[in-house]
Amino acid sequence: MKRASSLAFGLACLASAVHAQDTESKLVINDDIDITTVAEAPAHAENLSEIYSGWAFRSPETMALQMDDFDNPGMIFVDQALDAYNTVEGSAGKSCQSCHGDDAEGLVGARAVYPKWNANAGEVWTMEMAINGCRTERMGAEPWGYTSGNMVNMTALISSVSRGMPVNVSFEGPEHDTWLQGKELYYTRTGQLELSCANCHEDNYDMMIRADHLSQGQINGFPTYRLKNAKLNAVHSRFKGCIRDTRAETYSPGSPEFVALELYVASRGNGLSVEGPSVRN
């Protein structure tokens, strides 16, 4: 079985490494926000020497879409999120703006440190969990679906105000056990193809698989607008799709397994810039 799955993966990869990640181009958004797309790998990403944003693996045309907010289709959803941000909802008569200021100014820097340990809850929270915590506990409003349009839009807004800030996700405190669970998931082969996250995004990044150029699977650019489905995509939706592609039973968005995986993968990008909403294939 392992020999067969290895053969299947080898046939899918059309050539040896093409070494086409773009390390020369610089991502500057609106001629103002410098984005770090290449950095020295953090020590805990023990099998990598450098880390690359997914931006560096895209075509020049796709890369250019992120250089100006008027060209970035993901910014349409940021505008929609601003409307929701300023809308009073729930029994407390509050909006997001009531606590976090105009244009999400009070949320600058938040995206760079999530997922993070929530001491009150006694568990790791993702940005989506924090948003719903605000809605239910502070606003008295109904929670949003984990990958619903409203939720993905709001995470895009929160990401947008932190663009250019370095990802700095903690993993050595009370969240460490969760981080270890995520690491185990990252390296565990699953499905009929017996593939792990690491098989594609660590062992074979910069190779072609069918018509796609494999990146390192960094998530500093999420949520991301995918040209493939013409909408913003949440990171757990991408996890679900990847596991599905190994022909395995997948986890649900917001599940403890995906929370742990997100924590581990996010920490592998420490040193890259917050980039979302990004544009990818």
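In this predicted model, the second largest pocket has a volume of about 530 Å³. The pocket is lined by 24 residues, and those closest to its centre are His 100, Ala 130, Ile 131, Cys 134 and Arg 138. At least two lining residues are supplied by each of helix 4 (96-100), helix 5 and helix 6. Helix 5 gives the largest share of this lining, nine residues. By class, the lining of the second largest pocket consists of 15 nonpolar, five polar and four charged residues.

Two of the helices that line this pocket, helix 5 and helix 6, also pack against each other. Helix 5 spans residues 127-139 and helix 6 spans residues 149-160; their axes are 10 Å apart and form an angle of about 105 degrees. The two helices are therefore roughly perpendicular to each other. On the side of helix 5, the contact is made by Met 127, Glu 128, Ile 131 and Asn 132, which meet Met 151, Met 154, Thr 155 and Ile 158 of helix 6. Five nonpolar residues, two polar residues and one charged residue make up the contact of helix 5 with helix 6. Ile 131 thus appears both in this contact and among the residues closest to the centre of the second largest pocket.

The largest pocket encloses about 1300 Å³ of space. Its lining comprises 48 residues, with His 201, Leu 214, Arg 238, Cys 242 and Asp 245 lying nearest the centre. Two or more lining residues come from each of several elements, namely helix 1 (2-12), helix 7 (176-187), helix 8 (197-201), strand 8 (212-213), strand 9, helix 9 (235-245), helix 10 (256-268) and strand 11. Helix 9 provides the largest share, seven residues. The lining of the largest pocket divides by class into 22 nonpolar, 15 polar and 11 charged residues.

Helix 7 and helix 10, both represented in the lining of the largest pocket, form a second helix pair. Their axes lie 7 Å apart, at an angle of about 85 degrees, which makes helix 7 roughly perpendicular to helix 10. In helix 7 the residues in contact are Thr 178, Trp 179, Gln 181, Gly 182, Lys 183, Leu 185, Tyr 186 and Tyr 187; in helix 10 they are Glu 257, Ala 260, Leu 261, Leu 263, Tyr 264, Val 265, Ser 267 and Arg 268. The contact of helix 7 with helix 10 holds nine nonpolar, four polar and three charged residues.

Strand 9 and strand 11, which also contribute to the lining of the largest pocket, belong to an open sheet of three strands. The order in this sheet is 10-9-11, and the pairing is mixed. Strand 10 (231-233) and strand 11 (278-280) are the edge strands, each pairing on one side only. From one strand to the next, the twist averages 40 degrees. Strand 9, residues 224-226, pairs with strand 10 in the antiparallel sense over three bridges. Within the sheet, Tyr 225 is placed opposite Leu 232 of strand 10.

The structure also contains two cavities of 30 Å³ or more. The largest cavity has a volume of about 100 Å³ and is lined by Arg 111, Tyr 114, Met 127, Glu 128, Thr 155, Phe 222, Pro 223, Ala 234, Val 235 and Glu 262. Six of these lining residues are nonpolar, one is polar and three are charged. Met 127, Glu 128 and Thr 155 line the largest cavity and also take part in the contact between helix 5 and helix 6. The volume of the second largest cavity is about 50 Å³. Its lining is formed by Arg 111, Tyr 114, Val 167, Val 169, Gln 218, Ile 219, Asn 220, Val 265, Ala 266 and Gly 269, which divide into six nonpolar, three polar and one charged. Val 265 in this lining is also one of the helix 10 residues that meet helix 7.

Cis peptide bonds occur at residues of the cavity linings. Tyr 114 and Pro 115 are joined by a cis peptide bond with omega of about 0 degrees, and Pro 115 lies in the loop between helix 4 and strand 5 (116-118). The bond from Phe 222 to Pro 223 is likewise cis, with omega near 0 degrees; Pro 223 is located in the loop between strand 8 and strand 9. Ala 104, in the loop between helix 4 and strand 5, has a positive phi near 60 degrees in a residue other than glycine.

Conventions:
Residues are numbered from 1 along each chain as its sequence is written. This is a predicted model: local features need pLDDT of at least 70, side-chain atom pairs count only at pLDDT 80 or more; totals for chains, interfaces and linings use all residues. Side-chain values use heavy atoms; hydrogens and water are left out. Two strands pair if DSSP finds at least two bridges between them. Helices (H or I, at least four residues) and strands (E, at least two) are DSSP runs, numbered from the N terminus. Axes are lines fitted to C-alpha atoms, for helices over the stretch in contact, and angles run from 0 to 180 degrees between N-to-C directions. Angles under 35 degrees count as roughly parallel, over 145 as roughly antiparallel, 65 to 115 as roughly perpendicular and the rest as oblique. Contact means heavy atoms within 4.5 Å. Ala, Val, Leu, Ile, Met, Phe, Trp, Tyr, Cys and Pro count as nonpolar, Asp, Glu, Lys and Arg as charged, and the others, Gly among them, as polar. On a 1 Å grid over the protein atoms alone, a cavity is a set of points where a 1.4 Å probe fits but cannot get out, and a pocket is an open set with protein on both sides within 12 Å along at least five of seven lines; lining residues have an atom within 4 Å of a point. Grid points are joined across faces, edges and corners, and a volume is the space filled by probe spheres set on the points.
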